[in-house]
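User: I am new to reading protein models and would like to go through one slowly. Could you take my questions in turn and explain how each answer is reached?

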Amino acid sequence: GHYISVDTSYEGERAVLSSPDLYSEEWSCVRLIYQIATTSDTSPGPARLNLYLRQEGESFDRLLWSAKEPSDSWLIASLDLANSTKKYKLVLEGEMGQDKSTSIAVFEIKITSGYCIECDFEENHLCGYMNRWNPNVNWFVGGGNIRNSQSILPKDHTLNSALGHYMYVDSVYVKHFQEVAQLISPKTTAPISGCLSFYYQLKQESSIVFTVYLRDMSGFYEEIWKTDSALNAEWALAEVDFNAPYPMEVIFEVAFNSAKGGYVALDDISFSPVYCSNQTGAPFNSANAGCNFEEDLCNFYQDDKDGPGWSRVKVKRNVYRAGDHTTGFGYYLLANTKFTSQPGYIGRLYGPTLPGNLQFCLRFYYALYGFFKMSGTLAVYIFEENHVVQEKIWSVLDSPKGVWTQAEISFKKPMPCKVVFVSWCKSFWDCGLVALDDVSLSLGSCHAADLLLPSPGECTFEKDECVFTQKKRGRGSWHRKRGPTPTSYTGPRGDHTTGVGYYMYIEASNMVYGQRAYLVSRLLRGTSGKQCLTFFYHMYGAGTGLLSVYLKKEGDDEEIPLWRRTGEQSISWLRGLIEYESDTNYQIIFEAIRGVSIRSDTAIDDILFQAGPCLEVEEIQFSSGYPDSLNEIEY
């Protein structure tokens with residue numbers, strides 16, 4: 001057969017192959033049979049194969065899948081595509097590394113309707129199902145007139161003929177007690193829940209255990225189905241409820257007790273997004289378990305007998321005290337305030353009830369203000385539903401810095417439970433202020449979430465400068481930095497993403513008054529309709545200059561001003577929102593101008609491009625000058 005491959009003589013280049021316009025109102029599965037081959041053992045910049053989804057109306061391609069592991073045989077990747085009303089293209093990109101001896105080849109791209117975990121085993125790629133090799137018992141392909149086993153079935157289930165195929169495992173080579181054969185499905189790549197069904201046959205002389213498991217990426221097995229001991233010499237249908245909110249594999253496992261055990265055959269695995277049982281419960285929506293405290297406490301609450309441990313507060317923009325994390329001028333929660341700071345005081349904030357047996361990732365931002373080491377002043381507990389079992393899963397260790405710092409914790413409990421934030425005032429001297437904001441909960445472990453592909457159009461500057469480049473690099477350009485800037489009384493003390501990550505800033509002490517630094521995006525795809533650009537900016541310092549954002553259309557020399565701020569704005573990171581339209585290809589430019597003194601370090605972080613109009617309106621700001629009352633906290 002034929003395959004398509006990338007010529008490796010182009011070092012560092014990208015080869016792009018684009019599909020025609022595709023359209024699918026149903027779920028579909030993309031299967032890719034590919035190989036990355038190399039002769040060298042270690043490669044400094046390995047080659048990659050990327051698959052992108054390019055949706056109509058989006059300026060950015062979404063990375064669906066990426067591979068860089070070399071292999072000496074063809075591999076198969078299976079990716080679920082959720083149904084959509086928009087037209088889309090699939091874009092395959094071969095990214096050449098530094099290694100001349102590497103080649104990337106694709107043998108087949110196939111898009112079928114349905115889900116990737118479905119299979120009738122009629123094609124030789126077996127839908128990406130893999131047998132976990134074992135010296136003695138393995139899953140084999142049966143049928144298709146291959147007389148390859150003593151216990152072969154006369155007919156498969158799909159075609160109901162001797163020509164059709166199925167998978168089977170036979171006990172004839174069993175050497176040891178309880179040997180296990182595993183057939184592993186492709187990993188789910190999109191959240192799905194519903195009914196998994198399959199047909200099986202079982203012939204046993206001694207006991208066979210046939211079990212179906214779900215396995216998540218941290219290796220945790222959950223049994224979802226097991227055969228009852230009845231014999232099935234005919235194809236029997238099994239149905240089981242299936243919930244995969246994060247990537248999982250389905251594992252069909254057969255365990256034999258002896259060589260005279262018999263056999264198990266399997267065929268026609270299929271999936272439907274409707275539960276098999278009449279369970280009506282809506283799947284858990286993790287969005288309801290978080291809060292940014294802008295409107296109220298969401299689904300969080302305090303116990304009346306504890307008294308008001310946590311107050312929802314807002315700080316007007318000022319140069320002494322940081323505002324909230326969400327926007328810089330919104331609400332956050334503050335504990336141990338002047339109303340509650342008695343020694344020994346404990347304030348508890350309870351979250352909503354979470355279902356048991358799911359893996360969760362909890363993320364939140366906290367900031368500490370005080371004089372001494374404040375370890376233990378904020379802790380997170382899990383209360384099991386009966387409130388008898390309380391487990392501490394996190395507590396703060398660091399000294400107060402007044403920087404919004406992100407914490408992330410993975411947990412999984414068998415019973416329904418609640419997350420409880422506890423602030424504790426040990427003694428008068430150890431009782432600083434504890435602030436909390438932007439609590440979010442997602443399904444899956446935090447580690448798995450970190451491995452997920454970044455959302456398109458988002459740049460946190462944690463790894464690199466993403467789609468942005470400098471007009472000219474030098475002392476008077478944007479720098480990527482973590483931690484505080486070198487000059488006191490100007491610039492951020494930490495980034496906005498995690499508090500300990502990276503941001504971009506101009507170092508005023510290297511520049512002269514009025515000098516400009518440009519951060520320019522690459523050419524972005526024009527689309528019809530409104531786009532929303534969100535970013536965070538930090539303009540603190542008595543000499544702060546200007547920060548402006550421009551839109552430059554391809555082929556145009558004119559830069560259209562979209563947004564501007566002048567002078568010192570706040571000691572906090574503030575959120576900027578810009579709504580714009582461009583139906584031709586365009587670039588976004590961030591321009592910072594140094595102010596009158598070295599106290600004019602201007603910074604930006606967490607840039608996000610989204611299709612569609614902005615959902616909120618930016619509070620239009622005045623430029624400078626502070627009445628003294630601005631430092632008060634509003635309760």
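The questions below begin with the chain as a whole and then turn to its cores, a pocket and some single residues.

User: How many helices and strands are there in the protein chain?

Analyst: The model shown here is a predicted one. Of the 635 residues in its protein chain, 51% count as buried, and among the contacts that join residues at least 6 apart in sequence, 81% link residues at least 24 apart. As for the secondary structure of the chain, the count comes to 1 helix and 39 strands.

User: Which domains each give at least three residues to the largest nonpolar core?

Analyst: The largest nonpolar core holds 73 residues, and those with the most contacts inside it are Trp 139, Phe 210, Phe 252, Phe 364 and Phe 421. At least three residues of this core come from each of two domains, namely domain 2 (126-272) and domain 3 (286-449).

User: How many residues are in the second, separate core?

Analyst: Apart from the largest core there is a second one, whose members include Phe 461, Ile 506, Tyr 537 and Leu 551. The size of this second core is 31 residues.

User: Is Thr 211 buried or exposed?

Analyst: Thr 211 lies in strand S14, and, leaving out residues up to four places away in sequence, Thr 211 touches Glu 223, Trp 225, Lys 226, Ile 251, Phe 252 and Glu 253. Its relative accessibility is 2%, and a residue counts as buried when that value is under 20%. Thr 211 is therefore buried.

User: Which strand supplies the largest share of the lining of the second largest pocket?

Analyst: The second largest pocket encloses about 540 Å³ of space, and 30 residues line it, with Asn 243, Ala 244, Pro 245, Tyr 275 and Leu 358 the closest to its centre. Strand S13 (192-204), strand S14 (208-216), strand S15 (221-226) and strand S16 (232-244) each provide at least two residues of this lining. The largest share, 4 residues, comes from S16.

User: How many residues of the lining of the second largest pocket are nonpolar?

Analyst: This lining draws at least three residues from each of domain 2 (126-272) and domain 3 (286-449). When the lining residues are divided by type, 8 are polar and 5 are charged, while the number that are nonpolar is 17.

User: What is the relative accessible area of Phe 461?

Analyst: Phe 461 sits in the loop between strand S28 (458-459) and strand S29 (468-470), and it has a positive phi of about 65 degrees although it is not a glycine. Phe 461 is buried, and its relative accessible area is 0%.

User: Where is Phe 121 found?

Analyst: Phe 121 also has a positive phi without being a glycine, in this case of about 60 degrees. With a relative accessible area of 1%, Phe 121 is buried. Its place in the chain is the loop between strand S8 (103-113) and strand S9 (130-132).

User: How far apart in space are Gly 514 and Leu 546, C-alpha to C-alpha?

Analyst: Gly 514 belongs to the loop between strand S31 (502-506) and strand S32 (516-521), where it is partly exposed, with a relative accessible area of 35%. Not counting residues up to four places away in sequence, Gly 514 touches Ile 593 and Arg 594. Gly 514 and Leu 546 are 32 residues apart in sequence, and their C-alpha to C-alpha separation in space is 9.1 Å.

Definitions and conventions. Residues numbered from 1 in each chain as written. Predicted model: local features only at pLDDT ≥ 70, side-chain atom pairs only at ≥ 80, totals over all residues. Heavy atoms only, no water. Core = buried A, V, L, I, M, F, W, Y, C linked by side-chain atoms within 4.5 Å. Buried < 20%, exposed > 50% of the residue type's maximum accessible area, 1.4 Å probe, protein only. Domains from an automatic or database assignment. 1 Å grid on protein atoms, 1.4 Å probe; cavity = no way out; pocket = protein on both sides within 12 Å on 5 of 7 lines; lining within 4 Å. Points joined across faces, edges and corners; volume = space filled by probe spheres on them. Nonpolar A, V, L, I, M, F, W, Y, C, P; charged D, E, K, R; others polar. Contact = heavy atoms within 4.5 Å.
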